[in-house]
Amino acid sequence: MNNACITLNDGNKIPAVGFGVFLIDNNGPAYESVLTALKAGYRHIDTAAAYFNEEDVGRAVRDSGIPRNEIFVTSKLWLQDHGREGAKRGLERSLRKLGLDYIDLYLIHQPYGDVAGAWQVLEEAKDQGLLHSIGVSNMTPKIWNSFVPDFKVKPAVNQVEFNPFFQQKELRKLMAETNTRLEAWYPLGHGDAKLLSHPLVTELAGLHHKSPAQIVLRFELQEGAIVLPKSIKPEHIADNLQIFDFTLTDDEMLSLRALDTGKGAHDPDAPGVAEKLLSAFKITD
């Protein structure tokens, strides 16, 4: 098996390993990377309006020769488009740039501003079949508790920073109450040398005849996370999917859980984050 599917709380199935395209340029590089990933066996592609490469992703999906219903596509609504009218515009833009009739999973990318209004639009679009699943991203326990209890449809996923150094234990307890799945961005710590060269990780890599990256991704998979490794190197793209032919033991899992520091690279609760993000990107039609 070169991938496996997880059933979300809405009954839809999502491939457990997806290919992320953050910081891969549009107009060529993202297109080629997605085609390489699909050829390697990936069937889950994760993009966002603020990645500025939805066009390349959609074109690669259409040109791949793989039936549309076999490819799971995720995109995300950017902060500038929160509120009801903004969310309608943002969703229409994503569908148009992707060139797709529907999006498998659509997320609130940054949970600030009129999240409630945007979420209502996503709920309505789900009812209309434009979106199959809806979710959130970067929600901490504090942010989660300020929004999600009032949502009619509970998020299928919360895409957050997650790796052995930052295991989101408090958040995962909250999400379990709604059977919301964690999706891991920075699953490899953004290529963190401290993580990939950690003595425990390298020791387990030797024992299992795997790379350090494969050990980390396998740990996250066994913790129940959906992982989104990113690379533009064909060999790494292929290797990141080869994590279904071995299993970490209970003791090995316990050892890796002990690496948790409780801190990540990004703090969504920090003052001024919303303003900084809003000023960082402006998405145009």
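**Exercise 1. The sheet**

Task: Determine in what order the strands of the open sheet follow one another, and which strands stand at its edges.

Solution. In this predicted model, 8 strands form an open sheet. Reading across it, the order is β3-β4-β5-β6-β7-β8-β9-β10, and the pairing is parallel. The next step is to look at the ends of that order. β3 (19–20) and β10 (226–227) each have a single partner strand, so one side of each is left without a neighbour in the sheet. These two strands therefore stand at the edges.

At the β10 edge, the pairing can be followed residue by residue. Strand β9 (residues 181–185) pairs with β10 in the parallel sense over 2 bridges. Within this region, E183 stands opposite I226 in β10.

**Exercise 2. A helix across the sheet**

Task: Identify the strands across which helix α4 lies, and state its angle to β7.

Solution. Helix α4 comprises residues 115–128. The strands beneath consideration are β5 (72–77), β6 (103–108) and β7 (131–137), and α4 lies across these three. Relative to β7, the helix runs at about 160°.

**Exercise 3. The surroundings of R68**

Task: Locate R68 and list the residues that R68 touches, not counting those up to four places away in sequence.

Solution. R68 lies in the loop between α2 (54–63) and β5. With residues up to four places away in sequence set aside, R68 touches V61, V73, L100, Y102, I103 and D104. A polar atom of the R68 side chain also lies 2.6 Å from the backbone oxygen of I71. For a comparison of sequence and space, take R96: R68 and R96 are 28 residues apart in sequence, and their C-alpha atoms are 16 Å apart.

**Exercise 4. Helices α2 and α3**

Task: Classify the packing of α2 and helix α3 from their angle, and describe the residues in contact.

Solution. Helix α3 covers residues 84–98, and α2 packs with α3 at an angle of about 50°, the axes being 7 Å apart. That angle makes α2 oblique to α3. From α2, the contact draws on E54, E55, V57, G58, R59 and R62; from α3, on S94, K97 and L98. Sorted by class, the contact has 2 nonpolar, 2 polar and 5 charged residues.

**Exercise 5. Two partners of α11**

Task: Establish how α8 and α9 are each oriented to α11, and which residues make the contacts.

Solution. Begin with α8. The axes of helix α8 (residues 199–208) and helix α11 (residues 250–257) come within 11 Å and cross at roughly 160°. Because of this angle, α8 is roughly antiparallel to α11. The crossing of α8 past α11 is left-handed. L200, V201, L204, L207 and H208 of α8 make the contact with E252, S255 and L256 of α11. This set divides into 5 nonpolar, 2 polar and 1 charged.

Continue with α9. Helix α9 (residues 212–222) packs with α11 at an angle of about 100°, with axes 11 Å apart. The two helices, α9 and α11, are therefore roughly perpendicular to each other. Here I215, F219 and Q222 in α9 meet M253, L256 and R257 in α11. By class, the contact of α9 with α11 has 4 nonpolar, 1 polar and 1 charged residues.

Note on methods: Residues are numbered from 1 along each chain as its sequence is written. This is a predicted model: local features need pLDDT of at least 70, side-chain atom pairs count only at pLDDT 80 or more; totals for chains, interfaces and linings use all residues. Side-chain values use heavy atoms; hydrogens and water are left out. Axes are lines fitted to C-alpha atoms, for helices over the stretch in contact, and angles run from 0 to 180 degrees between N-to-C directions. Angles under 35 degrees count as roughly parallel, over 145 as roughly antiparallel, 65 to 115 as roughly perpendicular and the rest as oblique. A crossing is left-handed if the near helix is turned anticlockwise from the far one by less than a right angle, and right-handed if clockwise. Contact means heavy atoms within 4.5 Å. Ala, Val, Leu, Ile, Met, Phe, Trp, Tyr, Cys and Pro count as nonpolar, Asp, Glu, Lys and Arg as charged, and the others, Gly among them, as polar. Two strands pair if DSSP finds at least two bridges between them. A polar contact is a pair of N or O atoms within 3.5 Å; within protein, one must be able to donate a hydrogen and the other to accept it, and residues adjacent in sequence count only if both atoms are side-chain atoms.
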